[in-house]
Each structure stands twice: as structure tokens, then as C-alpha cells.
Amino acid sequence: MAWTPKGKILFWTAMLLLSVIVTFHGLLHCGFITFDDPDYVTKNPMVQQGLTWAGVQWAFTTGTAA
């Protein structure tokens, strides 16, 4: 059976998707880690504002939970 370029792309895409699912399926049952999640997620005013341009700029220019 000869593989077409489209068939190869679909095959490798499916293999990549399957490997990601197998690797990370256990994370579906994990909760937040309370070590730093309040600082970076649950009590962070920039994150709580939702997806805004200011929030995106903050995310790529800030190295701490300032």
C-alpha cells in the first residue's frame, strides 16, 4: 500500500494526538496545587479580569506574581 502525502500527515497527526492523550490523561484528575496557585491564578487580579490585552501583555512581561 502506497502512502499519499495526505495519508502520512493524517497518520502522524493521529499518532501525535494519541501520544499526548496517553501522556497527559492522568492530569484530568489533579486539582490545583495550593503552593502557588493562589498567587498566580485564584487570587491574581490580572488573571481574574479574564482575557484582555493588558492581561496578555502582563503575562509575557512579568516573571512573578506581581
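F11 sits in helix 1, which covers residues 5–24. Keep in mind as you look around that this is a predicted model. A good place to begin is the surroundings of F11, and how much of this residue can be reached from outside.

F11 has a relative accessible area of 32%, so F11 counts as partly exposed, because that class lies between the buried limit of 20% and the exposed limit of 50%. W3 is also partly exposed, with 46%. W12, at 58%, is exposed, since its value is over 50%.

Now for the rings. There are two aromatic pairs here. The W3 and F11 rings have planes at 65°, so this pair is edge-to-face. The rings of F11 and W12 have planes at 75°, so that pair is edge-to-face too. In both cases the label follows because planes over 60 degrees apart count as edge-to-face. The table sets out the values for each pair.

| Ring pair | Distance between centres | Angle between planes |
|---|---|---|
| W3 and F11 | 5.3 Å | 65° |
| F11 and W12 | 4.9 Å | 75° |

F11 appears in both rows, and ring pairs link W3, F11 and W12 into a cluster.

Which residues form the nonpolar patch on the surface? The members are W3, F11, W12, M15, L18 and V22. Together they have about 630 Å² of accessible area. So F11, found in helix 1, is partly exposed, belongs to the ring cluster with W3 and W12, and takes part in this nonpolar surface patch.

Conventions. Residues numbered from 1 in each chain as written. Predicted model: local features only at pLDDT ≥ 70, side-chain atom pairs only at ≥ 80, totals over all residues. Heavy atoms only, no water. Patch = residues over 30% accessible without salt bridge, like charges linked within 9 Å, V, L, I, M, F, W, Y side chains within 5 Å. Areas by Shrake-Rupley, 256 points an atom, 1.4 Å probe, with all protein chains shown as cover. Salt bridge = Lys/Arg side-chain N within 4 Å of Asp/Glu carboxyl O. Helix = DSSP H or I, 4+ residues; strand = E, 2+ residues; numbered from the N terminus. Buried < 20%, exposed > 50% of the residue type's maximum accessible area, 1.4 Å probe, protein only. Phe/Tyr/Trp six-rings, centres within 6.5 Å; stacked < 30°, edge-to-face > 60°.
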